[in-house]
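This report is meant for a reader who has not met the structure before. It begins with the contact between chains, then turns to a single chain and to two chosen residues.

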Number of protein chains: 2
Amino acid sequence: MNKTAPPLEIAVTELSLAIGQLLRRLRTEANPSELNLSQMGTLARLEQHGWMTTADLARIEAMKPQSMGAILAGLEQEGLVQRQPHPTDGRQILFALTDEGAEARRKRSIAKRDWLLTAMAKFDPEEQRTLISAAALIKRLADS
Amino acid sequence: MNKTAPPLEIAVTELSLAIGQLLRRLRTEANPSELNLSQMGTLARLEQHGWMTTADLARIEAMKPQSMGAILAGLEQEGLVQRQPHPTDGRQILFALTDEGAEARRKRSIAKRDWLLTAMAKFDPEEQRTLISAAALIKRLADS
DNA sequence: TATTGTTATACTCTATAACTATA
DNA sequence: TATAGTTATAGAGTATAACAATA
């Protein structure tokens, strides 16, 4: 038996629980007209990559194509994304941000952003740096 | 104007999105008989604190008492928590882990834990340390 | 035959509202 | 009058299943 128990096994549970809690906080702090995290994520991907298909977006956001389809339909109805047929493959449909969509990314998640910003501002600089680094690592985790 | 734009404003959005994604991954990797994150969190609190009321659990887990009531009802039906009337206040009801509940904490979130463990094992030691520190910080964020 | 996207339906998690019992 | 918990209902977010069109 190893005397120092591997902290990773405990840490993964802690991390899961902490993430679940923070997500609930973010949801409750948001006001009703804000974009939700799935919508924000989808818009962010489109801003990074330009024109993308439903299937690609679904894969990259770790959800089913039908679910991504529903998200895109909602965003399209609000004028935040636009569609275009694929030039060579008649089955596929390409989506991209509209100007309104780019603006919405900045303006329609303010309560969530402010709450998190205020909460993080209370941390000392090193703790802030840890969280900033962790954000990138968590993204890599989700993508793996 | 400051030449180095404050990275915190961008980082909070990145953190939100990363957390949303990781949560979806954890959900899809789990098998159907596993405890969900709210159930795991509730059991973890009861293991830490011992006997607690619905209202206290709701507050500490950042959800409404009715929602926590539903979670506790489910856990009770599975024999993972037990209830007991409050000794002096007839309105309140105290909950605690059963032995089965303590066992379930360890055995009924294995797929989620293994997936995350495997994903984190691919990171280098410093990245792992960052994530472990971040877990505690994220918890503090959620509590604030 | 496999893949893209759509439509219809159902499930999970959490919230809101109305109520009862106790303080 | 305020608080703890329950019951009933509704909403958000995502999944599964069945389908049509295209490859």
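## Contact between the chains

In this predicted model, 52 residues of chain A are in contact with 52 residues of chain B. Three residues, A:Gln21, A:Arg24 and A:Leu141, supply 12% of the area that chain A buries against chain B, and no other three residues supply more. Between chain A and chain B about 5400 Å² is buried, and carbon and sulfur atoms give 74% of this area.

## Chain A as a whole

How many helices and strands does chain A have? There are seven helices and three strands in chain A. Their order along the sequence of chain A is α-α-β-α-α-β-β-α-α-α.

The C-alpha trace of chain A spans about 60 × 40 × 25 Å along its principal axes. Chain A has a radius of gyration of 18 Å, whereas a compact globule of 144 residues would have one near 15 Å.

Of the 144 residues in chain A, 48% count as buried. The accessible surface of chain A is about 7700 Å², and 53% of that surface belongs to carbon and sulfur atoms. Contacts in chain A between residues at least 6 apart in sequence include 52% that join residues at least 24 apart.

Chain A carries 19 positive and 18 negative charges, and the mean positions of these two sets are 3 Å apart.

## Two residues in their helices

One residue from each chain is taken here. A:Pro125 is found in helix 7 of chain A, which covers residues 125-143. B:Gln66 has its place in helix 4 of chain B, which covers residues 65-77.

Is A:Pro125 buried or exposed? A:Pro125 counts as exposed because its relative accessible area is 53%, and the cut-off for exposed is over 50%. B:Gln66 has a relative accessibility of 62%, so B:Gln66 also counts as exposed.

The table pairs each of these residues with another residue of its own chain and gives the separation in sequence and in space.

| Residue pair | Apart in sequence | Apart in space, C-alpha to C-alpha |
|---|---|---|
| A:Pro125 and A:Leu26 | 99 residues | 22 Å |
| B:Gln66 and B:Ala55 | eleven residues | 8.9 Å |

A:Pro125 in helix 7 of chain A is thus listed with A:Leu26, and B:Gln66 in helix 4 of chain B is listed with B:Ala55.

Note on methods. Residues numbered from 1 in each chain as written. Chains lettered and ligands numbered in written order. Predicted model: local features only at pLDDT ≥ 70, side-chain atom pairs only at ≥ 80, totals over all residues. Heavy atoms only, no water. Helix = DSSP H or I, 4+ residues; strand = E, 2+ residues; numbered from the N terminus. Rg over C-alpha atoms; globule rule 2.2 N^0.38 Å. Buried < 20%, exposed > 50% of the residue type's maximum accessible area, 1.4 Å probe, protein only. Contact = heavy atoms within 4.5 Å. Areas by Shrake-Rupley, 256 points an atom, 1.4 Å probe, with all protein chains shown as cover. Lys, Arg positive; Asp, Glu negative; His and termini not counted. Charge placed at Lys NZ, Arg CZ, Asp CG, Glu CD. Buried area = accessible area lost by both parts, 1.4 Å probe.
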